[in-house]
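Colleague: Thanks for making time for this one. Could you walk me through the model, starting with its internal spaces?

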Amino acid sequence: MERQQHRADVVIVGSGYGGSIAALRLAEAGVDAVLLERGRRWPVDEAGDTFATQTAPDGRAAWLSETSPLTDAKLDVYTGVLEFVEGSGMNVLAGTGVGGASLATNGTMCEPSAELFHRTLGDVLDHREMSERWYPQARELIGCEPIPDDVYQSEFYRSARSFADQLDKAKIPWGKVDLAVDWDVVRQEMAGTRVRSQIDGLNVFGVNSGAQRSLDRTLLARAEASGHIEVRPLSVVSAVRPADGGTGYHVDYESIDERGEVRSRHRITATRLVLSAGTLGTNRLLLRARASGALPALHGALGTRVGNSEVITARTGMAENNPRQGGPAAIFAQDWQDNPLGPVSLLNFPWPDAPEGEGWTTTIGAVPAPALGAFRYDPDKDDVVLDWPADDPELARAQSAITHTLDRLNEANPGTRTAFSRIGTTGGNVVGGVPLGTVTDDAGRVNGYRGLYVVDGSLLPGTGVPPALTVAAVAARVTSLLVHDLVRPR
């Protein structure tokens with residue numbers, strides 16, 4: 001199959017928070033760019049059946065696989081919304097599709113405290129600069145806000161109110177978390193004029209009502225409307241390397257159909273290359289390039305400082321509280337000061353399989369677990385594998401911190417007990433591998449390779465809270481410097 005040749009000023013790989021913010025800012029500066037996204041578009045329409053659901057999973061739930069850790073069903077092979085990669089001690093979930101992980105997440109936008117920020121990110125970034133400029137800019141770009149009171153007080157969100165009451169009794173601070181949600185659409189779900197999605201917790205594989213403020217419908221749509229950004233879906237990048245003559249980069253990719261069949265092969269040559277393929281995708285491309293000799297000077301720390309802060313818990317024994325409804329997460333518990341074993345963050349979320357007729361609270365959260373993981377390139381698989389030391393004592397301490405928080409909740413709410421609690425072994429919040437300030441400079445420029453940038457969660461070893469807002473804030477900062485480089489080259 002002949003490889004088709006193309007040229008572009010800028011190529012962006014990936015359309016998650018980093019790629020979409022980069023695309024928008026470049027478009028606003030009048031810079032033309034091509035954005036390559038391996039997944040398909042997921043347009044939400046009035047039929048309300050764009051995505052698979054937990055109650056009716058199919059191939060739309062997984063990236064070219066018959067299986068997913070999120071369902072026991074055998075799936076048809078399709079370019080679905082989540083890729084699953086098995087690792088050693090830790091498996092990885094990665095979003096696929098135009099809009100990346102924003103398609104299939106709770107959309108929780110959590111800002112870490114100054115202490116958590118320094119604990120996980122060190123001094124590479126200035127916390128005051130981030131909190132005064134880049135976190136607010138990220139919130140504005142995403143368009144997030146907490147749950148409105150009329151929605152919160154409805155029958156659908158009784159479980160959220162129950163969780164807040166339990167936290168009050170335990171004297172654990174909490175607040176309403178910012179969410180990338182269109183609450184008017186949630187109100188339409190409640191009124192029966194839109195398909196029920198968020199209110200029934202059916203959001204793991206995408207939100208069929210359109211209530212999710214996913215990037216394909218917000219930032220990326222604005223970038224495309226400018227005429228400066230061309231998005232090419234179903235474009236799977238396999239390799240990157242310096243262009244002949246040393247100016248710019250060759251990017252090899254395959255155009256596939258929705259069943260994964262290759263339709264054509266391409267090489268696009270760009271003056272500047274922006275990698276925003278997410279933690280898994282960016283590590284995959286860079287480690288493969290180093291192993292092949294295409295980018296041999298990449299720093300030895302590439303692939304290291306990988307973190308996963310994700311915590312899953314459930315408690316039962318409280319009064320019946322409608323635990324199957326009321327999504328996405330609304331209440332943000334912040335046990336950051338009084339836990340002697342370390343700060344713990346918990347966000348309630350509905351669980352469609354929660355026992356009927358019982359009180360039940362499921363949470364997803366985070367602890368600032370150390371970034372002990374490492375990606376390595378496996379030549380037999382021609383892919384990366386994540387090595388995670390699941391038995392490390394530091395992780396056991398983090399688990400003990402979670403247990404301490406849950407024990408406080410149970411003690412303050414007699415009759416309640418913990419049903420399960422664990423640091424996730426299938427990470428949807430895995431970040432790191434391309435340490436900011438080491439593999440790149442503090443602006444995301446890859447050291448040793450002029451014109452090569454990284455703008456995604458792979459720059460961060462962790463955040464101590466669910467990472468989406470920090471990923472977006474860092475992307476906003478890095479992208480501002482990228483635009484400066486392009487408009488006024490150094």
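Modeller: Gladly, and please keep in mind that this is a predicted model. The largest cavity comes to a volume of about 60 Å³.

Colleague: How many cavities of 30 Å³ or more does the structure hold?

Modeller: The one I just mentioned, with its volume of about 60 Å³, is the largest cavity. Counting cavities of 30 Å³ or more, the structure holds 3.

Colleague: Which charged residue lines the largest cavity?

Modeller: By class, this lining has 7 nonpolar residues, no polar ones and 1 charged. The lining includes L121, V124, L125, L436, L459, L460 and P461. Arg counts as charged, so the residue you are after is R305.

Colleague: Now the second largest pocket: which helix gives the most to its lining?

Modeller: This pocket has a volume of about 290 Å³. Of its 26 lining residues, T120, V367, P368, A369 and P370 are the closest to the centre. At least two lining residues come from each of α2 (114–121), β12 (304–307) and α9 (393–412). The most, 4 residues, come from α9.

Colleague: And how many charged residues are in the lining of that second largest pocket?

Modeller: The lining of the second largest pocket has 13 nonpolar residues and 9 polar ones. The charged residues in this lining number 4.

Colleague: Let's turn to helix packing. Is the crossing of α1 and α10 left-handed or right-handed?

Modeller: Helix α1 covers residues 17–28 and helix α10 covers residues 468–487. Their axes come within 8 Å and cross at roughly 35°. The crossing of α1 and α10 is right-handed.

Colleague: Which charged residue takes part in the contact of α1 with α10?

Modeller: On the α10 side, the contact involves A468, V471, A472, A475, A476, T479, V483 and L486. They meet Y17, G18, I21, A22, R25 and L26 in α1. By class, the contact has 11 nonpolar, 2 polar and 1 charged residues. Since Arg is classed as charged, that residue is R25.

Colleague: Finally, the hairpin of β9 and β10: which residue takes a positive phi there?

Modeller: Strand β9 (residues 235–242) pairs with strand β10 (residues 249–256) in the antiparallel sense, over 7 bridges. Within that pairing, A239 stands opposite D252 in β10. The hairpin has 6 residues between the strands, and the one with a positive phi, near 90°, is G245.

Definitions and conventions: Residues numbered from 1 in each chain as written. Predicted model: local features only at pLDDT ≥ 70, side-chain atom pairs only at ≥ 80, totals over all residues. Heavy atoms only, no water. 1 Å grid on protein atoms, 1.4 Å probe; cavity = no way out; pocket = protein on both sides within 12 Å on 5 of 7 lines; lining within 4 Å. Points joined across faces, edges and corners; volume = space filled by probe spheres on them. Axes fitted to C-alpha atoms, helices over the stretch in contact; angles between N-to-C directions. Left-handed = near helix turned anticlockwise from the far one by under 90°. Contact = heavy atoms within 4.5 Å. Pairing = 2+ DSSP bridges.
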